[in-house]
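Here are my notes on the model, as numbered points. Please read them with the structure open.

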Amino acid sequence: MAILDKFGLEGKLAVVTGASQGIGQAMAQALAEAGADIVNLSRGSGDHNDDVTESLIAAAGRSYRFYPTD
């Protein structure tokens, strides 16, 4: 039994602050690989880094949304 079978997030929604780069991006990718859809809350404006994150999440077969916050 794989570890993700015990801790799978299939059908869950993960809210990640700062998922456009660095540690936040790595966490968003890992959560997506575990089965979660991702919502990114960030001060950014949806730049190139956000496009990269969206591609990583889509490669895991999950949905991705970006919401600018302050």
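1. The accessible surface of the chain is about 4600 Å², and carbon and sulfur atoms account for 54% of that. Areas were computed by the Shrake-Rupley method with a 1.4 Å probe, and for residues only the protein chains shown count as cover.

2. On provenance: this is a predicted model, in which local features need pLDDT of at least 70 and side-chain atom pairs count only at pLDDT 80 or more, while totals for chains, interfaces and linings use all residues. Residues are numbered from 1 along each chain as its sequence is written, and side-chain values use heavy atoms, with hydrogens and water left out.

3. The chain has three helices and three strands, arranged along the sequence as α-β-α-β-α-β. Both kinds of element are DSSP runs numbered from the N terminus: helices are H or I with at least four residues, strands are E with at least two.

4. The radius of gyration is 12 Å, which agrees with the value near 11 Å for a compact globule of 70 residues. It is taken over C-alpha atoms, and the globule rule is 2.2 Å times the number of residues to the power 0.38. Along the principal axes, the C-alpha atoms fill a box of roughly 40 × 20 × 20 Å.

5. Of the 70 residues, 31% are buried. Buried means under 20% relative accessible area, exposed over 50%, and partly exposed in between (1.4 Å probe, protein chains only). Of the contacts between residues at least 6 apart in sequence, 65% join residues at least 24 apart; a contact means heavy atoms within 4.5 Å.

6. Strand 1 (residues 13-17) has two faces: Ala14 and Val16 are on the covered one, whereas Leu13, Val15 and Thr17 are on the uncovered one. Strand 1 runs parallel to strand 2 (residues 37-42), and five bridges join them. Two strands pair if DSSP finds at least two bridges between them. Leu13 has Asp37 of strand 2 as its bridge partner, and Thr17 stands opposite Leu41 of strand 2.

7. How much of strand 2 is buried? Five of its six residues are, so strand 2 is largely enclosed by the rest of the structure.

8. Phe7 deserves a look. Phe7 sits in the loop between helix 1 (3-6) and strand 1, and it counts as exposed because its relative accessibility is 57%. The C-alpha atoms of Phe7 and Gly35 are 9.6 Å apart, with their positions 28 residues apart along the chain.
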